[in-house]
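Trainee: I've got a protein open on my screen and I'd like to learn how to read it. Can you take me through it?

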Amino acid sequence: MLNLLRMDLYRLARSKCVYICLAILIAISILCFGLIWMLATPEGRNAAAQIGMTATENGFTLSTSVSEPAEEGSILPNYNILHMFREIAMDGGGYTCILGIVISIFVCHDYNSGFIKNILSLHRQRWKYILSKILAAGILNLVYLGISFSCCLLLNGLFGGLVPLAPAADILLYISLSWLLTTAFAALFILIITLSRSTSAGILSTLLLGSGIAVSVLVTCTRYWGFQNWINYTLYVNQTNAPSCYSSTVDLKGYAVGAVFLILYSAAAMGILKHKDV
């Protein structure tokens with residue numbers, strides 16, 4: 001088991017896709033902080049004006065001549081670094097989609113190359129293969145979350161402290177909850193790939209499920225029969241509505257939802273691989 005995990009982590013560390021998707025996450029953070037800097041600070045608005053962009057209440061408009069910067073005012077009331085981190089990629093499902101693409105390509109490579117046959121010929125207990133993949137996905141997820149949040153902290157400092165820091169307890173609550181929910185998403189993607197053995201199916205399911213499109217379509221259909229409360233127990237809604245601070249035990253519901261789905265999808269993937277030829 002440990003040898004399988006060590007091998008998966010080694011292959012992830014050498015995968016170009018891992019670094020490309022990490023670069024995308026960092027680039028999104030840089031872009032968002034740069035735009036907020038242009039909107040929220042006099043220096044940023046002056047820089048925007050120099051390149052023909054004029055700050056307005058609704059964002060930027062392009063102009064052919066340099067104009068005076070808008071009146072100084074805060075566009076980030078009651079925002080802290082945790083809110084910025086959420087808005088950049090977490091709440092809309094962008095982070096989940098990027099993580100899912102990496103997992104889909106990584107797992108499908110075993111099927112496309114035939115490498116899985118060699119692995120399972122050496123390890124008769126097939127559940128270890130699935131568990132190794134989920135553990136590797138969880139470790140990669142933790143690394144991605146840590147680097148992404150650290151990047152936000154660094155950018156916030158470089159841009160002059162656009163938003164205040166959040167309490168450490170709130171950061172720990174949100175990061176740990178997001179890790180559990182997105183790792184459960186990763187287990188779902190691994191389950192779909194185990195069924196389909198297709199990179200295209202894995203990426204498509206990642207985009208539909210991770211972005212919330214599938215949930216939105218289903219809840220629209222079930223609303224006609226008055227059966228829409230199930231959406232409150234989905235991974236996507238619990239990730240999007242994850243609490244930024246602890247106020248009551250209700251805020252811990254996401255941990256239960258994430259744990260149940262993580263166990264359920266992992267067990268399903270193990271059962272399918274056990275009874276399916278490779």
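Mentor: Let's go through confidence, a cavity, a surface patch and a salt bridge.

Mentor: This is a predicted model, where local features need pLDDT of at least 70, side-chain atom pairs count only at pLDDT 80 or more, and totals for chains, interfaces and linings use all residues. Residues are numbered from 1 along each chain as its sequence is written, and side-chain values use heavy atoms, with hydrogens and water left out.

Trainee: Which elements have the lowest and the highest mean pLDDT?

Mentor: pLDDT is the predictor's confidence in each residue, from 0 to 100. Here the protein averages 86, and 90% of the residues score at least 70. Strand β2 (residues 59-62) has the lowest mean, 50, and helix α8 (residues 168-196) the highest, 95. Over residues 62-74 the pLDDT is below 50. Where pLDDT is low, don't read the predicted coordinates in detail. By the way, helices (H or I, at least four residues) and strands (E, at least two) are DSSP runs, numbered from the N terminus.

Trainee: Which residues form the nonpolar patch on the surface?

Mentor: A patch like this joins nonpolar side chains (Val, Leu, Ile, Met, Phe, Trp, Tyr) within 5 Å, from residues with over 30% relative accessible area and no salt bridge. Accessible areas come from the Shrake-Rupley method with a 1.4 Å probe. In this model, L204, L208, I213 and V217 form the patch, with about 340 Å² of accessible area together. Helices α9 (199-210) and α10 (213-222) each supply at least two of its residues, and L204 is found in α9.

Trainee: How many salt bridges does the structure hold?

Mentor: A salt bridge is a side-chain nitrogen of Lys or Arg within 4 Å of a carboxyl oxygen of Asp or Glu. This structure holds 5. In one of them, the side chains of R11 and D8 meet at 3.5 Å, N to O. Both lie in helix α1 (residues 2-13), 3 residues apart, about one turn of the helix.

Trainee: And what lines the largest cavity?

Mentor: A cavity is a set of points on a 1 Å grid where a 1.4 Å probe fits but cannot get out, and lining residues have an atom within 4 Å of a point. The largest cavity holds about 70 Å³ of space. Its lining includes L25, F85 and C152, and the largest share, 4 residues, comes from α4.

Technical notes. Contact = heavy atoms within 4.5 Å. Patch = residues over 30% accessible without salt bridge, like charges linked within 9 Å, V, L, I, M, F, W, Y side chains within 5 Å. 1 Å grid on protein atoms, 1.4 Å probe; cavity = no way out; pocket = protein on both sides within 12 Å on 5 of 7 lines; lining within 4 Å. Points joined across faces, edges and corners; volume = space filled by probe spheres on them.
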